Amino acid sequence: MHDAAAAVSNFIDLNLIHLLYLFGVGFVGGLVSGFIGSGGAFVLTPGMMSMGVPGLMAVASNMCHKFPKALVGAIKRAKYGQVDVKLGLILGVSAEAGVLYGAHIQERIKAAFGDAGSNLYVSVAFVVVLALVGGFVLRDAIREYRSGNSNEEEKAGRLARWIQSVNIPGTMVYFKSLNTRISILFTIPLGFATGMLAATIAVGGFIGVPSMIYVLGAPSIMASATELVIAFVMGLGGSLKYAMHGLVDIRLSMIILAGSLFGIQLGAIGTTYVKPFMIKVVMGVIMVIVLFSRGLMVPVYLSQLGLIQKLGDNTVTLLKTVSFAIMVLALLLGAFIVLRAIWHGRREDRLLQTEAMEHGKI
Amino acid sequence: MAYSSVKKKPVGKMLVTGILSIGLYAMLLSNQDKVNEIFGKGGWYALLPIATAFVFSFIHGMFTGHFWTVLGIEAAKKKKEVK
């Protein structure tokens, strides 16, 4: 890792374009995070790097905006009764261990195969995890929508029901989001995987939220809110680690935070208007689109490692540009779905209130 | 007397927290070089960016919360009926 003196020289000069860009991406990322519990980092980190911020500093600065953002989002959603603090903290602690282990693996891969090897590992992790989990989440959301039961209270799936039925004495803890006791031995690998993914692709929530829904049996709204607690714990630990090496550019973190706190409040408000399956829709759509974005980069890294025929410079530039554009599209589309859902939800809410007033109920 | 559901909007709170928030950002950006130098030292100085993040999130978080409330964008009043 860089030493402090080297890091100081890596602080970039900020101009107005940088400020507006970071604020804007922060807002959109915050909006999506407030709604599904995570997101935004996959655009912010490469975005900062394109401004000239060194990779490690971009990761560190992103992380240092993530934990205060998650804290504000978690407090907001706790007011709506959506947060399971106990589950979030327990998963957060094992996630922290996952972050450390994930970072260690990254360092070893980088030492053995260089930057291209490390990038290939990250891209393959993106593609595999997003294809499996994202595809499953999106398919489930579509199935729920088509079944016409999207208004009904979510029921735990078969796996979650089995996990809830297992009794391991001395390890059973009651969680309000599950409304039952489960063994914390089941939460440890889930938290660990969330942390490992966060250290690898910067968005642990793509494992954390689906695992709370499908493995533990938490409702989507509570899972996405509880993910904010996990993100806070992971982000705080990670930021401290990076800050101890002088790698956090607090200006970048706080400018992103300026936009993302507007977004996260709005995203959190949005969850009170939508049907639970909308959380799965937004998460699934983003995951599947990002999957294509990262998939496009795989040939670039394979070529850099000499595993396939060398690609021309123009092809590499084209693939990189299209990949980043698709990633931005994923985030914007997610934000659009959230805003649209809020818009429709508010309209329905107003109609219901007007009807109730006309009938003298209010 | 007719019942009114109209709540008073927290305009004053929004203005106060907004001014405080702008003040924090102005302070940070007008002392960039000094901040970078000190915060980039690492070690125990790591507590400074962490503390800064908490302070900004507290003040700016309150401001953004009031901002949406003043604009009339608030959480749904009650759980929607199942249709």
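**Entry 1: confidence**

I began with chain A of this predicted model, where the pLDDT averages 88 and 95% of the residues score at least 70. I then looked up the low stretch in chain A: over residues 2-8 the pLDDT is below 50, and beyond near neighbours in sequence this stretch has 18 contacts in the model. For chain B I noted an average pLDDT of 87, with 84% of the residues at 70 or above. The scores of the model are ipTM 0.89 and pTM 0.88.

**Entry 2: the hairpin of chain A**

I turned next to the strands of chain A. Strand β1 of chain A covers residues 172-175 and strand β2 of chain A covers residues 180-183; I found them paired in the antiparallel sense, over four bridges. For A:Val173 I looked up the bridge partner in β2(A), and this is A:Ile182. Between the strands of this hairpin lie four residues. I checked the backbone there and recorded a positive phi near 55° for A:Asn179.

**Entry 3: α5 against α7 in chain A**

Which way does α5(A) cross α7(A), left-handed or right-handed? I first located the two helices of chain A, α5 at residues 85-147 and α7 at residues 184-201. Their axes are 4 Å apart, and the packing angle is about 35°. The crossing of α5(A) past α7(A) is right-handed. I sorted the residues of this contact by class and entered 22 nonpolar, 10 polar and one charged.

**Entry 4: α12 of chain A and its neighbours**

I took helix α12 of chain A, residues 313-358, together with helix α10 of chain A, residues 250-270. Their axes cross at roughly 55° and come within 9 Å. The pair α10(A) and α12(A) is therefore oblique. I noted that α10(A) passes α12(A) in a left-handed crossing. On the α10(A) side the contact consists of A:Gly267, A:Ile269 and A:Gly270, and on the α12(A) side of A:Val338, A:Ala341 and A:Ile342. By class I recorded four nonpolar, two polar and no charged residues in the contact of α10(A) with α12(A).

I then examined helix α11 of chain A, residues 277-304, against α12(A), and found an angle of about 175° with axes 8 Å apart. The two helices α11(A) and α12(A) are therefore roughly antiparallel. Their contact divides into 23 nonpolar, three polar and one charged residue.

**Entry 5: chain A against chain B**

How many residues does each chain bring to the contact? I recorded 37 from chain A and 37 from chain B. On the side of chain A that touches chain B, the elements giving two or more residues are α1 (4-8), α4 (55-79), α9 (220-243), α10 and α12 of chain A. I asked which element gives the most to this side. It is α10(A), with 11 residues. By class I entered 25 nonpolar, nine polar and three charged residues for the side of chain A that touches chain B.

I closed with a cross-reference: α10(A) is the helix that crosses α12(A) at roughly 55°, and both α10 and α12 of chain A are listed on the side that touches chain B.

Notes:
Residues numbered from 1 in each chain as written. Chains lettered and ligands numbered in written order. Predicted model: local features only at pLDDT ≥ 70, side-chain atom pairs only at ≥ 80, totals over all residues. Pairing = 2+ DSSP bridges. Axes fitted to C-alpha atoms, helices over the stretch in contact; angles between N-to-C directions. Left-handed = near helix turned anticlockwise from the far one by under 90°. Nonpolar A, V, L, I, M, F, W, Y, C, P; charged D, E, K, R; others polar. pLDDT = per-residue confidence, 0-100. Parallel < 35°, antiparallel > 145°, perpendicular 65-115°, else oblique. Contact = placed C-beta atoms within 7 Å.
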